[in-house]
Amino acid sequence: VSGKVDAWQISGDRLLVNYGTLYPALLKLEQEGYISAEWHISESNRRAKYYSLSAAGRKQLRKEAQQWEHTTGIMARFLSAEGQSS
Amino acid sequence: MRSIRTFFVRLAASSFRRAGWERDLAEEIEANLELQIEDNLRAGMTPAEARRAALLKFGSVESAKESYRDQKGLPFLESLVQDLRHSLHTLRKSPVFALVAVVSLGLGIGANTAIFSLIDALLLRELPVREPHRLFALTQTGSMQLKSSSNIRYGLFRQLEDQHQTLSGIFTFHGSPRSNVTVGSQGEVTDALMVSRDYFRVLGVQAQIGRTFESGEENVAVISHRYWKRRFAGDASVLGRPIAINGAPYVVIGVTPPEFFGPVVGTWIDVTIPAFGGGTKPMADNEVVAWVMGRLANGLTEQQATASLTTSAQRWMESPGLRGRPAIVLEPASRGFSFLRVQFSKPLQILMAMVALVLLIACANVAGLLMARASTREQEFAIRLGIGASRGRLVRQLLTESMLLSLLGGLAGLLFARWSAEAVAAFVSTVKDPVGLDISVNMHVFGFAVLIAAVTAILFGVAPALQGTRLDLTAALKQGRRSGGGTTGVRLRRVLVAGQVALAVLLVAGATLFARSLNNLKNLDTGFRRDSVLMMSLDPAQIGYKDRQIVQLYEQILDRIERVPGVRSATFLRNNLLANAASLTSIVVAGRLPRPEDEMELAPGVKIGSATRSFTVGPRFVETMGMTLLEGRDLRRTDRFGTPLVAVVNESFARYFYPGESAVGKRLGYGPDKPTAVEIVGVVKDVRHKQLRESATRTMYGSALQDPGSWRDTTLNVRTAIEPARIAPSLRREIAEVAPDLSIFNVTTLERMFDDAVVTERTLALLSGFFGILALLLASIGLYGLLAYSVERRRGEIGVRLALGARPGDVLAMIVRETAVLVVAGLMLGLPATVVAGRWIATFLYGLTPADPTTLVLTVAALATMGGLSAWMPARKAARTDPMIVLRHE
């Protein structure tokens, strides 16, 4: 997961991120120490800023993912129960 | 943890230069756009289309940057810094305004802080010892208590000293004020304290250098840090130094920490020595010890301790067969003992209320100034609102300015409080009770100053800030005429000024009441002449003199002293005039049966039948004290041991027991067996002997030379023909020749005794006078500011009036009327408030009521004068307006 373009691509263009939100959000993650940023030369020979997850970021991601799965699990069970009863 | 890290990262970003990361951000955005453009080109768009589409997809670059900036630093802090910088700049641009505001706030906050630091030291602060909240004062109730003391017997105390289940430790102490401490060959009088063995252990105070004493140790002394610095210049070799206290030898073994002053707030103990059970002064088991303090054992509640101690006390009282069912009462003693606390807590509260009012006046002043400034800054505000600043942002800017002003004022106030609190503390000191309070600026006091600075900023800042930013933009932006906001501003300012006048009335009237009370007390006919009397105390019993030896010593001293040039006459007294001490005696009046109404109250609840107040005095007492002899004669040197007993009585005595006849030659006695032992030889006019605020009390003066067994420390009173203080050295020399090792203490004059007796009233009168003047000054600044402003505003109107034929006198009258309305409104509010508030201070008034007409007249006169002075300059300026100039300017 490096670079914004990738983030764009992973989400398959279905998630429209406003840059006005994206930059501060990335900055916030950086300030919290979850990601780090570095300038690199891209394939097209351009200077671009590359963001990468730090160890703390990875840990936090796992935690958040678990949290998310937990939530979606509950939601799924709730919705299927809804489906059966009706 | 993450949020702390984030905070510091953002703080760092705020504090350092932003140029670096701004460039980075621009570059990052540019790179991102380029990538997008390349994508679009690859999709077959033209370069122009590709750039447009990329920009569209990105959205607003500037707003992305803006939200990035907000996240990068701490915008709140940044704008605060910006506001502060701007505030400093605007204050620097109007130095007179800044100076007036900071000085008035400084005086207001300073006065509050000074009084608060005294309240803190005397009433609030805990003793600087270990866990002060577990300390309790012990008092025994259940039997008659004459002196104010713990009323606990020494035997019981010793028993409790060895029990540790209820109280982990207990100590008693006995003050030895004005002890003569000799270092080398130099004697000096200072406050010493005799304490029981566990004193330092119970308080949890450890020596700063050296050690404290242990059980059973004798003739060792621990000195205070202050005393060590002063008397021994902080010399570390002080340990082991021999000193003499009232002639007895001691060795210095330790120095207490700098903040420790002893168990009594208001008395700084310099020398502490072990006594009680130590041996210097053996005590009998049934003697009462003075003051007792104990530390509650861990895990015990106050109630449990009280119950357990009461049981111990009852069991102890039963064993020697003493009467009474005692109970032990515990009182929290975390703040230590204090005798000043009772005397000064109410006056301090009164003063605190007064300084709070002074501060309110100062706040109203600054608020008025700020409002005037806001109206001159309307254009600045209008422009800022016009280019997109929110009103909240402007209000914040103005409040920052107020906060800055009040912080500067608070700083000035702390400096002012620093020296004034010490001056006030020195001021309440008397010869008898020198006050040693720790009034250094501590966290309490500092916090208080900062807190009231913040509160004042809100008090004076909010209204002008809201007022000043409520603008009609178009009107404000147009030059010339002021917008509508001005009139409500002026109305608000008029209310503020009337309020200031009302508060000033309250303070001036209060100060006048106190000053007039003090004056009444000073002009009181005390019955004696207080000028030219030197007093010095002696205690021959302290160095071993007994009964008749004492008489002989005094006779020798009187013989020598009466020959000293400049001495008119000399006598001695057991209970000094105005020393707040007196004794009662039961008497038998020959030929008269005792009646129930002859009873007098010795202490609350303790009555003595067939009583008179009585004093033992030396020869030539009436003459020396400048009393008026109505009949008969003064006491003489010949009324000495072995001659028939005589007494002088006062007018009240004579009138009470011998109505309608002469008392001289009448006889009385001390008991039924000798009903005619004493002959009355003289009658004097009534004297306020015990204190100034006493009513006439029947009194009998017996000859001390006939009754040597009854007295210990006495005071030599010498009436002089010259300045009394100048004669002291020769008197000391004479006494030293008779008794070289007799120490002389409490050298003072009757005049000083009198001044000490009115110390509370004098403190109140002087301080309230100072606050009253301050209030007048501040209120007049407020009034002047408003009038000057309103004359300036109405220049056009005044010009037109003058042009249409009004005379300058009419204009003058107009301004005077405006002033009068404000002052009268203030008086109408302030005077009734004074009468109501006066009830609260009534106990400190003498010879007048809070509604004292003279006071009210003086107050009105003071306020009218202040109004006149404040109005003079603006009114003159208004009357001298040249209509031509004004109208041309319009």
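This is a dialogue on reading a predicted model with chains A and B.

Student: Where should I start with chain A, and in what order do its elements run from the N terminus?

Tutor: Start with the list of elements. Chain A holds 3 helices and 2 strands. From the N terminus on, the order is α-α-β-β-α.

Student: What share of the residues of chain A count as buried?

Tutor: Buried here stands for under 20% relative accessible area. By that cut-off, 26% of the 86 residues of chain A are buried. Contacts give another view: among those in chain A with a separation of 6 or more, 18% join residues 24 or more positions apart.

Student: How do I check the length of a helix, say α2 of chain A?

Tutor: Compare the span between its end C-alpha atoms with the span expected at 1.5 Å a residue. Helix α2(A) covers residues 19–32, which is 14 residues, and should span 20 Å. Its end C-alpha atoms are 20 Å apart, so the two values agree.

Student: Which residues of α2(A) are buried?

Tutor: The buried residues in α2(A) include Tyr19(A), Leu22(A), Tyr23(A), Pro24(A), Leu26(A) and Leu27(A). Gly20(A), Gln31(A) and Glu32(A) are also buried. Look at the backbone just after the helix as well: Gly33(A) takes a positive phi of about 85° there.

Student: How does helix α5 of chain B do on the length check?

Tutor: Helix α5(B) runs over residues 75–93 and has 19 residues. The distance from its first C-alpha to its last is 27 Å, close to the 27 Å expected.

Student: Which residues of α5(B) are buried, and why can they be said to line one face?

Tutor: They are Ser79(B), Asp83(B), Ser87(B), Thr90(B) and Leu91(B). Seen down the helix axis, the buried residues of α5(B) fall within an arc of 110°, so they line one face. On the other side of α5(B), the exposed residues are Gln82(B), Arg85(B) and Arg92(B).

Student: What covers the buried residues of α5(B)?

Tutor: The cover includes three helices of chain B: α6 (95–124), α11 (340–376) and α13 (391–427). For one residue of α13(B), take Thr400(B). Thr400(B) counts as buried because its relative accessibility is 7%. Leaving aside neighbours within four places in sequence, Thr400(B) contacts Leu80(B), Asp83(B), Leu84(B) and Ser87(B). Of these, Asp83(B) and Ser87(B) are among the buried residues of α5(B).

Student: How do I read a buried polar residue such as Ser652(B)?

Tutor: Ask where it sits, then what its side chain meets. Ser652(B) lies in helix α19 (residues 651–657) of chain B. Its relative accessible area is 15%, so Ser652(B) is buried. The side chains of Ser652(B) and Asp686(B) are joined by a polar contact of 2.5 Å. Not counting residues up to four places away in sequence, Ser652(B) touches Ala696(B), Thr697(B) and Arg698(B) as well as Asp686(B).

Student: Is Ala775(B) buried or exposed, and what does it touch?

Tutor: Ala775(B) belongs to helix α22 (residues 759–793) of chain B. With a relative accessible area of 0%, Ala775(B) is buried. Leaving aside neighbours within four places in sequence, Ala775(B) is in contact with Ile361(B), Ala504(B) and Leu507(B).

Student: How do I read a distance between residues that are far along the chain?

Tutor: Set the separation in sequence beside the C-alpha distance. Ala775(B) and Ala31(B) are 744 residues apart in sequence and 68 Å apart in space. For Leu856(B) and Gln556(B), 300 residues apart along the chain, the C-alpha separation is 57 Å. Leu856(B) is found in helix α25 (residues 853–879) of chain B, and its contacts beyond four places in sequence are Leu831(B) and Ala851(B).

Student: How is the size of an interface stated, and what area is buried between chain B and chain A?

Tutor: The size is often given as the accessible area lost when the parts come together. Between chain B and chain A the buried area is about 2200 Å², with 53% from carbon and sulfur atoms. Arg2(B), Glu28(B) and Gln71(B) lose the most area on the chain B side, together 26% of what that side buries. By contact, 23 residues of chain B meet 23 residues of chain A.

Student: How many salt bridges and polar pairs are there between the chains?

Tutor: There are 0 salt bridges between chain B and chain A. The count of residue pairs in polar contact, both at pLDDT 80 or more, is 4.

Student: Which elements of chain B supply the side that touches chain A?

Tutor: Helices α1 (2–15), α2 (19–42), α3 (47–58) and α4 (61–72) of chain B each supply at least two residues. Helix α2(B) gives the most, with 11 residues.

Technical notes:
Residues are numbered from 1 along each chain as its sequence is written. Chains are lettered from A and ligands numbered from 1 in the order in which they are written. This is a predicted model: local features need pLDDT of at least 70, side-chain atom pairs count only at pLDDT 80 or more; totals for chains, interfaces and linings use all residues. Side-chain values use heavy atoms; hydrogens and water are left out. Helices (H or I, at least four residues) and strands (E, at least two) are DSSP runs, numbered from the N terminus. The expected span of a helix is 1.5 Å times one less than its number of residues. Buried means under 20% relative accessible area, exposed over 50%, partly exposed in between (1.4 Å probe, protein chains only). The arc is that of the directions from the helix axis to the C-beta atoms. Contact means heavy atoms within 4.5 Å. Buried area is the accessible area (1.4 Å probe) that two parts lose on being put together, summed over both. A salt bridge is a side-chain nitrogen of Lys or Arg within 4 Å of a carboxyl oxygen of Asp or Glu. A polar contact is a pair of N or O atoms within 3.5 Å; within protein, one must be able to donate a hydrogen and the other to accept it, and residues adjacent in sequence count only if both atoms are side-chain atoms.
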